[in-house]
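Here are my notes on this one, as numbered points. I start with how the two chains meet and then turn to the DNA.

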Number of protein chains: 2
Amino acid sequence: MSTSGGVVRRSLLDDLATSMLALIADRRLSSGDQFESVRSLADRFKVAVPTIREALRRLEATGAVELRHGSGVYVGQHIGRLILANPLAPTPSGDRLVELLQARALIEPPVAALAARLRSEDALERMDGHLAAAEELIASGDHAGLAEVNMAFHRSLAQASGNATLAEVVESVTVVNVREQLEILHIHGDRQTDLQEHRAILEAVRAGDAELAERLTREHLDGVLAVIERAAHP
Amino acid sequence: MSTSGGVVRRSLLDDLATSMLALIADRRLSSGDQFESVRSLADRFKVAVPTIREALRRLEATGAVELRHGSGVYVGQHIGRLILANPLAPTPSGDRLVELLQARALIEPPVAALAARLRSEDALERMDGHLAAAEELIASGDHAGLAEVNMAFHRSLAQASGNATLAEVVESVTVVNVREQLEILHIHGDRQTDLQEHRAILEAVRAGDAELAERLTREHLDGVLAVIERAAHP
DNA sequence: ATGACCAAGTGATCTGATCATTTTCATTTC
DNA sequence: GAAATGAAAATGATCAGATCACTTGGTCAT
């Protein structure tokens with residue numbers, strides 16, 4: 001028995017993890033801010049260093065904090081998120097890649113429609129920036145950077161929907177295996193087409209044409225899917 | 001410098017985590033199987049116990065392994081997944097709850113349509129089981145259990161789509177805050193209606209009527225969403 | 001058989017030290 | 001005065017060995 005009513009099944013590590021999250025929340029810290037040293041945290045919670053480190057590793061695994069050798073403990077990029085891409089996920093097989101694209105082709109079009117209904121100015125500018133960056137990267141031949149920026153475009157589109165949960169879902173299915181998608185897209189090679197399709201989607205969103213944005217996004221992803229399916233099942 | 005060519009930026013902990021995952025894969029272990037003791041792992045990888053434990057905590061945070069006090073290290077439920085619900089996520093606010101339901105209302109209907117096109121016998125039986133269980137739980141007044149089974153129905157529906165990634169996405173948006181959804185649904189209270197709607201969805205899937213399954217799922221979730229929105233913005 | 005009990009295996013935590021990296025800042029050098 | 005240098009402090013990473021706590025399986029008495 002421990003406290004009053006309620007679940008008592010929590011371990012010391014659970015308590016430490018949630019207490020540290022509460023500490024971060026109390027101090028109004030956000031991504032990138034420095035948190036507190038390992039030793040100081042150990043003192044504060046009256047536990048040994050290895051114990052606090054285990055709790056920190058747990059937080060680190062979900063992107064809630066980040067440990068930088070010689071520097072300190074910082075608040076991570078994914079603090080407060082509900083949906084995450086598994087940071088330890090294995091490289092997806094060909095079939096899994098196809099599934100992933102099918103999932104995106106199902107989810108992202110209606111998300112684009114939402115974005116078109118909102119027409120957030122910030123998001124539109126961000127997407128403009130991505131397209132400009134993509135253009136430069138195509139010219140300079142930086143294919144890795146291009147794949148990254150293209151994914152960023154899709155993420156910004158999802159953020160433009162105004163629904164953080166949907167944005168997290170799209171971010172998650174998008175972040176997996178940029179490298180693999182990159183290689184397959186190299187087979188495809190039609191980088192100009194991608195850029196033009198992205199441009200068209202953005203214009204539809206800017207015009208507030210939800211149905212068009214949805215259709216263009218669907219066609220775009222179906223096109224990518226077709227390429228990947230051809231590569232996966234030769 | 002370390003080995004031959006390739007990325008060298010990996011930390012000791014990264015190596016340990018991926019090595020252990022590789023070990024699990026090599027041995028063809030799956031969820032629930034016992035893995036190997038902490039001390040044995042420390043010996044195997046020539047590191048101290050606290051170090052191997054940090055790596056294990058990282059794996060544990062993503063559900064790849066599970067540490068059971070006094071018993072051993074086991075392979076976790078979520079090993080190999082790409083998309084996860086953040087296990088450390090804070091209790092969602094009312095707005096976040098609404099967003100979550102909106103996301104579900106957007107994603108799940110087309111997933112139900114996929115399920116109707118597949119008509120997997122296994123999945124149909126599983127859903128039958130959930131509905132039977134729900135009926136009993138309504139009779140016995142076990143509301144917590146009922147909420148759980150209702151969520152399980154939605155997850156099985158997603159699994160019936162045949163797309164593991166979509167199933168993981170639905171599982172993730174579904175697993176968050178069963179408790180919160182439960183309480184709000186208590187306000188709603190119309191448990192019989194939920195059951196009937198679930199039944200109708202299952203029948204549409206069984207009949208292979210994709211459009212009907214999609215529409216019924218959308219109406220069902222929109223109904224739940226309306227209840228939650230009323231509760232969140234009184 | 002059944003239940004109480006005990007012992008081995010195993011995870012949890014502690015203590016305290018040493019090594020490695022980053023950051024800061026005073027010193028040197030041009 | 002500005003830039004390069006280098007020592008010192010702060011901080012994370014890892015180690016070693018010990019002790020506590022929980023689970024499990026077998027033993028033994030009933």
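1. The contact between the chains draws 43 residues from chain B and 43 residues from chain A. On the B side, Leu82(B), Leu88(B) and Leu106(B) give up the most area to chain A, together 19% of what that side buries. Keep in mind that this is a predicted model.

2. Chains B and A bury about 3500 Å² between them, with 65% of that on carbon and sulfur atoms.

3. There is plenty of polar chemistry to look at too: 23 residue pairs are in polar contact across the interface of chain B and chain A. As for where chain B touches chain A, α4(B) supplies the largest share of that side, ten residues. Sorted by class, the same side of chain B has 26 nonpolar, eight polar and nine charged residues.

4. Salt bridges between chain B and chain A come to eight. One to check is Arg58(B) with Glu60(A), where the closest N and O atoms sit 3.0 Å apart.

5. Strand β3 of chain A (residues 83-85) runs antiparallel to β3(B), joined by three bridges. Leu84(A) has Leu84(B) as its bridge partner.

6. Now the DNA. Strand D is surrounded by 22 residues, the closest being Arg39(A), Arg53(A), Leu12(B), Thr51(B) and His69(B). They divide into six nonpolar, nine polar and seven charged.

7. Of the strand D atoms within 4 Å of the protein, 68% belong to sugar or phosphate. A side-chain N or O atom of Arg53(A) is 2.7 Å from a phosphate oxygen, while a polar backbone atom of Val38(A) is 2.8 Å from a phosphate oxygen.

Terms used:
Residues numbered from 1 in each chain as written. Chains lettered and ligands numbered in written order. Predicted model: local features only at pLDDT ≥ 70, side-chain atom pairs only at ≥ 80, totals over all residues. Heavy atoms only, no water. Near = heavy atom within 4 Å. Polar contact = N/O pair within 3.5 Å; in protein donor to acceptor, adjacent residues only side chain to side chain. Nonpolar A, V, L, I, M, F, W, Y, C, P; charged D, E, K, R; others polar. Contact = heavy atoms within 4.5 Å. Buried area = accessible area lost by both parts, 1.4 Å probe. Salt bridge = Lys/Arg side-chain N within 4 Å of Asp/Glu carboxyl O. Helix = DSSP H or I, 4+ residues; strand = E, 2+ residues; numbered from the N terminus. Pairing = 2+ DSSP bridges.
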